[in-house]
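Subject: Structure handover

Hi,

Here is the structure for you to look at. Please open it before reading on. My notes follow below.

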Amino acid sequence: ASARTMQEQSTSLSPQDVIARAKEFFAQRSPLYATFLDQEGPGFATFRGQGGEEIVLAAVPQAGATLVTGSTYLFDMQVARFLSTLPPAASK
């Protein structure tokens with residue numbers, strides 16, 4: 001069994017904007033990697049993909065930016081690609 005992969009990225013976007021972008025990004029993937037919104041709440045969203053694969057994203061304010069955490073077993077490349085689309089947090 002593979003270990004769950006967790007990735008983090010700081011961004012200048014608000015948590016709400018991060019979740020909105022995630023919903024758009026993951027809905028537009030190729031059929032092989034398509035995911036569908038499973039649950040959503042303040043600062044988080046979960047997505048389900050092929051075979052029940054899950055992506056969990058959380059976005060929380062931290063030090064004037066938003067810390068985005070993505071966790072998955074199999075879709076780590078898709079999570080990394082999504083995180084790379086977020087504008088970086090302003091450097092201090």
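A residue counts as buried here if its relative accessible area is under 20%. Q7 has a relative accessibility of 18%, so it falls in the buried class. One caution before the rest: this is a predicted model.

**Q7**

Q7 sits in strand β1. Its side chain reaches the backbone oxygen of D76, at 3.0 Å. Neighbours within four places in sequence aside, Q7 is in contact with V68, T69, G70, D76, V79, A80 and L83. Two of these contacts, V79 and L83, come up again under α2, where both are listed as buried.

**The sheet**

Five strands make an open sheet. Their order is β1-β5-β4-β3-β2, and the pairing is antiparallel. In general, strands of a sheet pair through backbone hydrogen bonds, either parallel or antiparallel.

Which strands stand at the edges? They are β1 (5–11) and β2 (35–41). Each has a single partner strand, so one side of each has no neighbour in the sheet. Neighbouring strands are turned against each other by 20 degrees on average, with direction ignored.

Strand β4 (residues 54–62) pairs with strand β5 (residues 65–72). This pairing is antiparallel and runs over eight bridges. Within the two strands, V60 of β4 stands opposite L67 in β5.

**The helices on the sheet**

Helix α1 lies across β1, β2, β3, β4 and β5. Its direction is at about 160 degrees to β4. Helix α2 lies across β1, β4 and β5. The angle between α2 and β1 is about 5 degrees.

Now the faces of α2. Q78, V79, F82 and L83 are buried. They cover an arc of only 135 degrees around the axis, so they lie on the same side of α2. As background, an α-helix has 3.6 residues a turn, so residues three or four places apart point the same way. M77 and S84 are on the other side of α2, and they are exposed. What covers the buried residues of α2? The cover includes β1, α1, β4 and β5.

**Aromatic pairs**

A pair of aromatic rings is described by the distance of the centres and the angle of the planes. The search of the whole structure gives four aromatic pairs. Here are two that share F26.

- F26 and F47: the ring centres are 5.1 Å apart and the planes stand at 45 degrees, so this pair is tilted. The pair links distant parts of the chain, with F26 in helix α1 (residues 15–27) and F47 in strand β3 (residues 44–49). The two are 21 residues apart. Both F26 and F47 are buried.
- F26 and F82: the centres are 5.5 Å apart and the planes again stand at 45 degrees, so this pair is tilted too. F82 belongs to helix α2 (residues 76–84), and the pair spans 56 residues. F26 and F82 are both buried.

F25, F26, F47 and F82 make up one aromatic cluster.

**E53**

Where is E53? It is in the loop between β3 and β4. Is it buried or exposed? Its relative accessibility is 7%, so E53 counts as buried.

Two side-chain interactions stand out for a look. A polar contact of 2.5 Å joins the side chains of E53 and T72. The E53 side chain also reaches the backbone nitrogen of L74, at 2.8 Å. Beyond neighbours within four places in sequence, E53 is in contact with F47, R48, T72, Y73, L74 and F75. F47 thus takes part in the aromatic cluster and is also in contact with E53. For a C-alpha check, E53 and T35 lie 8.5 Å apart in space and 18 residues apart in sequence.

**P61**

P61 is in strand β4. Its relative accessibility is 65%, so P61 counts as exposed. Leaving aside neighbours within four places in sequence, P61 is in contact with P15 and T66. P61 and T11 are 50 residues apart in sequence, but 9.6 Å apart from C-alpha to C-alpha.

Best wishes

Conventions. Residues numbered from 1 in each chain as written. Predicted model: local features only at pLDDT ≥ 70, side-chain atom pairs only at ≥ 80, totals over all residues. Heavy atoms only, no water. Phe/Tyr/Trp six-rings, centres within 6.5 Å; stacked < 30°, edge-to-face > 60°. Helix = DSSP H or I, 4+ residues; strand = E, 2+ residues; numbered from the N terminus. Buried < 20%, exposed > 50% of the residue type's maximum accessible area, 1.4 Å probe, protein only. Pairing = 2+ DSSP bridges. Axes fitted to C-alpha atoms, helices over the stretch in contact; angles between N-to-C directions. Contact = heavy atoms within 4.5 Å. Arc of directions from axis to C-beta. Polar contact = N/O pair within 3.5 Å; in protein donor to acceptor, adjacent residues only side chain to side chain.
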